[in-house]
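The following exercises are to be worked through with the sequence and the model at hand. Each task is followed by a solution in steps.

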Amino acid sequence: MENNSRHINKDWLSKLPKNSGHKAPDGYFDSIENDFSVNIVEQNLIFLKGTSIL
Amino acid sequence: MIDDVTLVEQLQDVQTKEQAFRVLIKEYKERLYWHIRKIVVSHDDTDDVLQNTFIKVFRGIDNFKQDSKLYSWMYRIATNESITFLNKKARDRNVDISEIKQELATSLSSDEWFTGDEIQLILQKAIATLPEKQQLVFNMKYFDNMKYDEISTILETSVGGLKASYFHAVKKIEHYIKTRTD
């Protein structure tokens with residue numbers, strides 16, 4: 001009985017889209033490697049500088 | 001492709017850290033982006049949270065012990081950063097986080113980076129009504145096809161608990177959609 005009451009209706013679920021509908025701007029993933037690397041290294045230097053002062 | 005053990009060793013070596021970090025971003029940027037995007041919804045907010053996630057990874061990698069998988073550890077950071085972001089947004093506006101989630105889902109219909117059809121929009125609105133844990137489990141299981149073992153490591157919740165959360169999430173989504181499409 002417990003198993004039946006915990007049954008998920010997979011037929012119903014299979015009718016739903018597997019894609020969330022979200023989209024990323026064209027070229028976004030190509031650009032973030034450089035942007036993120038530079039920003040993060042810079043921010044980390046500031047962070048380290050800040051902590052060394054303390 | 002470099003394996004995670006070697007990558008972590010390079011990330012923890014000051015001589016190779018920056019170069020290895022580029023490799024890390026290249027390898028994980030898309031997976032983490034889509035994981036965060038499903039939580040915070042808007043592209044711009046996802047971009048901010050993704051960057052914050054990589055900053056945390058960069059700062060925390062020296063203390064990372066290879067007793068868990070690298071991606072599990074990063075997913076956990078990304079999840080926490082996303083939830084912290086939404087909580088801050090709710091706190092700043094003095095409203096409950098559930099209200100923020102509802103607003104975000106409603107805003108999708110005019111979001112240039114949402115191209116879903118009517119049923120995808122209703123599904124997103126249904127997901128927005130779920131409690132946090134159920135929302136996370138549903139997204140990771142349904143959209144990302146992750147195994148319960150993997151989700152369990154990331155969310156630090158038992159597999160049994162996750163199965164129950166997924167079951168309740170599906171039931172609520174089913175009810176939400178049926179009452180709006182029948």
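**Exercise 1: Two loop residues of chain B**

N94(B) lies in the loop that runs between α4 (70-93) and α5 (97-107) of chain B. The model is a predicted one.

Task. Determine whether N94(B) is buried or exposed, and describe its phi angle.

Solution. Step one: count the neighbours; N94(B) has 6 other C-beta atoms within 10 Å. Step two: apply the cut-off, by which a residue with 12 or fewer such atoms is exposed. N94(B) is therefore exposed. Step three: turn to the backbone, where N94(B) shows a positive phi of about 60° although it is not a glycine.

Task. Locate E156(B) and repeat the analysis for this residue.

Solution. Step one: E156(B) is found in the loop between α8 (148-155) and α9 (159-181) of chain B. Step two: with 8 other C-beta atoms within 10 Å, E156(B) is exposed. Step three: its phi is positive, at about 50°, although E156(B) is not a glycine.

**Exercise 2: The largest nonpolar core**

Task. State which residues touch the most other members of the largest nonpolar core, and explain where this core lies.

Solution. Step one: the core has 49 residues, of which I36(B), M74(B) and V137(B) touch the most other members. Step two: helix α2 (residues 17-40) of chain B supplies the largest share, ten residues. Step three: the core lies between domain 1 (1-97) and domain 2 (116-182) of chain B, because both give residues to it.

Task. List the contacts of V137(B), leaving aside neighbours within four places in sequence.

Solution. V137(B) is in contact with I151(B), L162(B), S165(B), Y166(B) and A169(B).

Terms used: Residues numbered from 1 in each chain as written. Chains lettered and ligands numbered in written order. Predicted model: local features only at pLDDT ≥ 70, side-chain atom pairs only at ≥ 80, totals over all residues. Helix = DSSP H or I, 4+ residues; strand = E, 2+ residues; numbered from the N terminus. Buried ≥ 20, exposed ≤ 12 C-beta atoms within 10 Å, placed from the backbone. Core = buried A, V, L, I, M, F, W, Y, C linked by C-beta atoms within 7 Å. Domains from an automatic or database assignment. Contact = placed C-beta atoms within 7 Å.
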